[in-house]
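Thank you all for making time this morning. I would like to walk you through one model, going from a part of the surface to the interior and the ligand, and then to a few details of the backbone.

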Amino acid sequence: MSSAGDILIVATKNKGKLREFQHAFEPLGLTVKSMYDYPELPDVVEDGETFAANAFKKSKAVGDALGLPVLADDSGLCVDALDGRPGVYSARYAGEGATDSDNNLKLLGELEGLKQGEDTDQPLLSTARFVCTLSLYDPSTGQELTAEGSVDGWITSEPSGAGGFGYDPLFYLPGHEKTMAELTLTEKQGISHRGAALRALTEKLAAQGGVRP
Ligand SMILES: O=c1nc[nH]c2c1ncn2[C@H]1C[C@H](O)[C@@H](COP(=O)(O)OP(=O)(O)OP(=O)(O)O)O1
Ligand SMILES: [Mg+2]
C-alpha cells in the first residue's frame, strides 16, 4: 500500500462493501481486488463471537493463502430493542444464504412483533448502530492492524433509498433526515462505520510510518 499502481486485496465477497472500498482507495491510485479475483480460495467460516475475531479470520486465511497483505471487513447491525442482535449474525439473520431483502424483512418482523400496545404509527422502531471492524494482516511479518468504527441511527419501518446495500434502506440517520441508502457513496463514507474504521486504520498506518496518510 505504498506507491501508485499497487493493489489492495480485500477479503470480501460483498459487492456493496467492495464498491465502498473501491470508492475509498482508487482515488489513491490503488487497484482493489476482492475474492472474485481469487475464485480458487475456499470460503472462510465466520464462526467468531466478535466482529474482530471474524475480521482476523478472513484477513489471515486469505493473507496466508496468497502470501500477500490482505484487508478484511467484518461488520453488522446491532439493534437495541433486540439486545444487540443481529450483530455478528447480520449476514445470515434470515438463515444461511439469506439475501439483503430476506434479512430486512426478518428485522422488520422481529421489531413489529415487539410493538404491541405501543404507538403503531411510529415509524422509528429502535435505536441501532452499525459496527465495522477492519483487519489488515501481513503474512510476511505475521502482524495484524485493526480498527473499528460505528454509527448510531434508528431502524425505520419505512425503507427508503436505492443506494448502499444490506440494511441501509432501514437505517435512518436523524441528523440527515435520510436513510443510509439515500446517501451518495461519498456521503456514506463520511458518516458510516466503514468510513470511520477506514480513517482510524489509515491513522494507525501513518503512525507506524511509511504508508500514505
Ligand atoms: O454499510 C452497511 N450497510 C448496510 N448493511 C451493512 C453494512 N455493513 C454491514 N452490513 C450488513 C450486511 C451484512 O448482512 C452484514 C455484514 O456481514 P459480513 O460477514 O461482515 O459481510 P458479508 O458476509 O456480507 O461479506 P464478506 O464476509 O465476504 O466480507 O452486515
Ligand atoms: Mg461474511
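**From an exposed loop to the ligand shell**

Let me begin with Pro42, which counts as exposed because 8 other C-beta atoms lie within 10 Å of its own. This proline sits in the loop between strand 2, residues 31–33, and helix 2. Before I go further, please keep in mind that what you see is a predicted model. The mean pLDDT of the protein chain is 94, and 94% of its residues reach 70 or more, while for the complex the predictor gives an ipTM of 0.99 and a pTM of 0.95.

From Pro42 I would like to look across to Asp83, which is 41 residues away along the chain, with 33 Å between the two C-alpha atoms. Asp83 belongs to the loop between strand 3 and helix 3, and with 8 other C-beta atoms within 10 Å this aspartate is exposed. Its backbone also deserves a glance, since Asp83 is not a glycine and yet has a positive phi of about 55°. As background, most residues other than glycine have a negative phi, and most peptide bonds are trans. The loop between strand 3 and helix 3, the helix spanning 100–113, also holds Pro86, and the peptide bond that joins Arg85 to Pro86 is cis, with omega at about 0°.

A positive phi turns up again at Glu177, which is not a glycine either, and there the value is about 50°. Glu177 lies in the loop between strand 6 and strand 7, the latter being residues 178–179, and it counts as exposed because it has 8 C-beta neighbours inside 10 Å.

Let me now turn to the interior. Which residues of the largest nonpolar core touch the most other members? That core has 42 residues, and the ones in question are Leu71, Leu134 and Phe171. Several elements each supply at least two residues to this core, among them helix 1 at 15–25, helix 2 at 51–66, strand 5 at 143–156 and helix 5 at 193–208. Strand 4 gives the most, with 8 residues. If we set aside neighbours within four places in sequence, Leu134 is in contact with Ala55, Leu71, Asp73, Thr146, Ala147, Ala197, Leu198 and Leu201.

Another buried position is Leu8, in strand 1, and it counts as buried because it has 21 C-beta neighbours inside 10 Å. The C-alpha atom of Leu8 is separated by 6.1 Å from that of Lys33, although these positions lie 25 residues apart along the chain as the separation is counted.

That brings me to Asp74, the residue I expect most of you will want to discuss. According to UniProt, in an unreviewed entry, Asp74 carries the feature "active site", and the feature "binding site" is placed at Asp74 by an unreviewed entry as well; annotations of this kind may be inferred rather than shown by experiment. Is Asp74 buried or exposed in the model? It is buried, because 26 other C-beta atoms lie within 10 Å, and the cut-off for being buried is 20 or more. Asp74 is part of strand 3, residues 70–79, and, not counting residues up to four places away in sequence, it touches Glu46, Phe51, Asn54, Ala55, Lys58 and Thr133.

What surrounds ligand 1? The shell is made of 22 residues, the closest of which are Thr12, Asn14, Ser90, Ala91 and Gly166. Strand 3 gives the most to this shell, with 5 residues. By character, the shell divides into 6 nonpolar, 9 polar and 7 charged residues.

I will finish with Gly163, which is found in the loop between strand 5 and strand 6. This glycine counts as partly exposed because it has 18 C-beta neighbours inside 10 Å. Leaving out residues up to four places away in sequence, Gly163 touches Asp168, Ala181, Glu182, Leu183 and Thr184, and its C-alpha atom is 7.7 Å from that of Met180, 17 residues apart along the chain.

Definitions and conventions:
Residues are numbered from 1 along each chain as its sequence is written. Chains are lettered from A and ligands numbered from 1 in the order in which they are written. This is a predicted model: local features need pLDDT of at least 70, side-chain atom pairs count only at pLDDT 80 or more; totals for chains, interfaces and linings use all residues. Helices (H or I, at least four residues) and strands (E, at least two) are DSSP runs, numbered from the N terminus. A residue is buried if 20 or more other C-beta atoms lie within 10 Å of its own, exposed if 12 or fewer, and partly exposed in between; C-beta atoms are placed from the backbone. Two residues are in contact if their C-beta atoms, placed from the backbone, lie within 7 Å. pLDDT is the predictor's confidence in each residue, from 0 to 100. A nonpolar core is a set of buried Ala, Val, Leu, Ile, Met, Phe, Trp, Tyr and Cys residues joined through C-beta atoms within 7 Å. A residue is near a molecule or strand if its C-beta atom, placed from the backbone, lies within 6 Å of it. Ala, Val, Leu, Ile, Met, Phe, Trp, Tyr, Cys and Pro count as nonpolar, Asp, Glu, Lys and Arg as charged, and the others, Gly among them, as polar.
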